[in-house]
Amino acid sequence: MEQTPLLKVNNIEVIYEHVILVLKGVSLDVPTGGIVSLLGANGAGKTTTLKAISNLVKAERGEVTKGTVEFEGKRIDKMYAPAVVKMGLIQIMEGRRTFEHLTVEDDLLTGAYTRGHDVKGIKESLEMVYKYFPRLVDRRNAKTGYISGGEMQMCAIGRALMAKPKLMLLDEPSMGLAPLLVQEIFEIIVQLNNEENVAMLLAEQNANMALQFAQYGYIMENGRVVLDGDADTLKDNADVREFYLGLTEIGKKSYRDVKHYKRRKRWLA
Amino acid sequence: MAFFLEVLFNGLLVGIMYSLVALGFALIYKASDVFNFAQGDMSLFAGLALVGFLTVMPLWLALICTIGVMTILAYGTVFIVFRPLVARPPLILFMAAIGLSFLVQGIGQSIWGTQPKGLFLGIPEITFDIKEVFLNTFDLTFGGVAGVLVVGLVLFFQKTRTGRALRAVADDHEAALSVGIPLLRAWAVTWMIAGIVATVAGVAWGSRLGVQFSLSLIAYKALPVLILGGIDSITGAILAGLVVGAGENLAEVFLGPYVGGGIQTFFPYLLALLFLWFRPYGMFGKEIIERV
Ligand SMILES: Nc1ncnc2c1ncn2[C@@H]1O[C@H](COP(=O)(O)OP(=O)(O)OP(=O)(O)O)[C@@H](O)[C@H]1O
Ligand SMILES: [Mg+2]
């Protein structure tokens, strides 16, 4: 069943500020309707990969200097980010990035910007978002600066859903959230994948969670993909178990070392 | 009492002009983090353009053409001057704005000349009184126009799709881009709105004092207004403009005689300084949402 994947990233190189080489040849595929995870420690280049795909790197003075990105068979690597959103590819940025002075509902509606004045369709989408995230209903008139971290993440995902995407790039949706909430959010992501047929490319440090829900995974280090495979195969791989899942053959001792940075992030969030 | 009210009203009417200039600053600052040094020059530019157009066409058409010119100026500014500067540090944007200020002034004067020009709109200036408070129709007309403009802007920002997108851009440029809002276009629209606001201020001022270089200096009058109102607050800009206008006029008339007059010129700065001491964000500076 080798058909063209929804997203095909072909050996891309990304350079920031004309001099800082960050991605040194990254390739990956996301099949239509699939969930693929992109794993790696701090600074591995996950965010840069996602931004290269969504074309947000340009806004940070970065540039894809080699390789190609194809979405539904079309080259998108030279396009302007909003045009890519209109095609159905949207990124949910690290750190949620809701618009803090907008109400939850206004924030959600900004996600429908590329759909123009399709009032009826947008209203239906809004109802759909509230169906998946009933917690947002009560908070619809609150400014997003005042809602909880979990609600912000829901708002960010809901906002992306308003664009009617075929592919969502999620950058560390679990960051800074309590485990139960992470579980809840990942379940909704899977549900969206099943019911709305949205493919997901999921960048995570939380390999455990990511591999539990994804079908396929890529592991990045230092701007390169160093390993890829079916989620189940990766889960059984000894190195992955040790470095990313924090499980050594002896026990769970190294978990703390591997994950301490994450805890730091949690404090900062 | 009647005299006090009259002084107050006249101050408020001048204050409206300050409000408009400060509003232009605040809009652009909120949307693009640029401290638009050229806001006053844009008023001069609009005034010059209108005078130029009026020599060959009727007022209504000249106004439309002026707005057209300001729109072109806005798009040019964003797509030519600021596009290569995306994601650069604020100081660089500030320098660019200073450069822009001279450029706009220079272009305006090289097209339309440097002599002061009269601007006659044909709005009657009839003075009348309500219980001995003297007012005139010219001032009231401009007060009305400014009021309508402000209400229109508020509705635009709160109720329309583009307005919502502009508010999103003001909060977080990159996130706005990530949901598909074209950043440069959003900035251009903001500059265009600031251009329209500058036009109203420039025309009002110009038809009172003549269109001349000093018009661009109303920008400096707006600085204390910005400090008072908070640089990124629309409401703040409007209210602070009125406060400064009324305040300086009252101070001049009622305190002036004791200190020998001339208070008007520095009173706004004094007020601003006091604010800097006690409320550095101004009356309505953007509420900074701190999460703990
Ligand atoms: N705008 C930028 N300019 C220069 N270098 C950058 C920029 N953004 C990221 N980098 C560098 O690129 C490398 C990869 O960063 P990236 O943010 O992609 O990693 P990441 O895998 O997402 O890490 P994290 O888990 O911390 O989010 C890092 O070394 C970082 O310092
Ligand atoms: Mg990252």
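# Notebook: sheets, helices and a surface patch

I began with the surface of chain B, where B:Leu273, B:Leu274, B:Leu276, B:Trp277 and B:Phe278 make a nonpolar patch of about 570 Å². The model I am reading is a predicted one. I looked up B:Leu273 in particular and found this residue in helix H11 of chain B, which covers residues 263–278. Its relative accessibility is 40%, so I noted B:Leu273 as partly exposed.

For a contrast within chain B I turned to B:Tyr18, which sits in helix H1 of that chain, residues 2–32. Is B:Tyr18 buried or exposed? I entered B:Tyr18 as buried, because its relative accessibility is 3% and the limit for that class is under 20%. Leaving aside neighbours within four places in sequence, I listed what B:Tyr18 touches: B:Trp205, B:Lys221, B:Val225, B:Gly241, B:Val244, B:Gly245 and B:Glu248. One of these contacts, B:Val244, is 226 residues away in sequence, yet the two C-alpha atoms are 7.9 Å apart in space.

Still in chain B, I looked at the pairing of strand E1 (residues 127–130) with strand E2 (residues 133–136), which is antiparallel and has four bridges. Within this pair B:Ile130 stands opposite B:Val133. The two strands form a hairpin with two residues between them, and in the turn I noted a positive phi of about 50 degrees at B:Lys131.

I then moved to chain A, for which I counted eleven helices and ten strands. Of its 269 residues, 57% count as buried, and the chain exposes about 12,100 Å², with carbon and sulfur atoms supplying 52% of that area. Taking contacts between residues at least 6 apart in sequence, I found that 68% join residues at least 24 apart.

Which order do the strands take in the six-stranded open sheet of chain A? I read the order as E6-E7-E8-E3-E9-E10, with mixed pairing. Strand E6 (89–92) and strand E10 (224–230) stand at the edges with a single partner strand each, so one side of each has no neighbour in the sheet. On average, neighbouring strands here are turned by 15 degrees against each other, direction ignored. Inside this sheet I checked strand E3 (residues 35–39) against strand E9 (residues 216–221), which pair in the parallel sense over four bridges, and there A:Leu39 has A:Ile219 of E9 as its bridge partner.

Helix H6 of chain A (residues 149–161) packs on the sheet, where I found it touching E6 and strand E7 (167–171), with a direction at about 170 degrees to that of E6. Helix H7 of chain A (residues 179–195) lies across E3, E7 and strand E8 (199–204), and I noted that it runs at about 155 degrees to E8.

My last entries concern the open sheet of four strands in chain A, which has the order E2-E1-E4-E5 and antiparallel pairing. Its edge strands are E2 (20–30) and E5 (74–75), each of which pairs on one side only. Between strand E1 (residues 7–16) and E2 of chain A I noted eight bridges, the two strands running antiparallel, and A:Val14 stands opposite A:Leu23 in E2. Lying across E1, E2 and strand E4 (62–71) I found helix H1 of chain A, residues 46–54, which runs at about 110 degrees to E1.

Note on methods
Residues are numbered from 1 along each chain as its sequence is written. Chains are lettered from A and ligands numbered from 1 in the order in which they are written. This is a predicted model: local features need pLDDT of at least 70, side-chain atom pairs count only at pLDDT 80 or more; totals for chains, interfaces and linings use all residues. Side-chain values use heavy atoms; hydrogens and water are left out. Two strands pair if DSSP finds at least two bridges between them. Axes are lines fitted to C-alpha atoms, for helices over the stretch in contact, and angles run from 0 to 180 degrees between N-to-C directions. Contact means heavy atoms within 4.5 Å. Patches are made of residues with over 30% relative accessible area and no salt bridge: like charges are joined within 9 Å, nonpolar side chains (Val, Leu, Ile, Met, Phe, Trp, Tyr) within 5 Å. Accessible areas come from the Shrake-Rupley method with a 1.4 Å probe; for residues, only the protein chains shown count as cover. A salt bridge is a side-chain nitrogen of Lys or Arg within 4 Å of a carboxyl oxygen of Asp or Glu. Buried means under 20% relative accessible area, exposed over 50%, partly exposed in between (1.4 Å probe, protein chains only).
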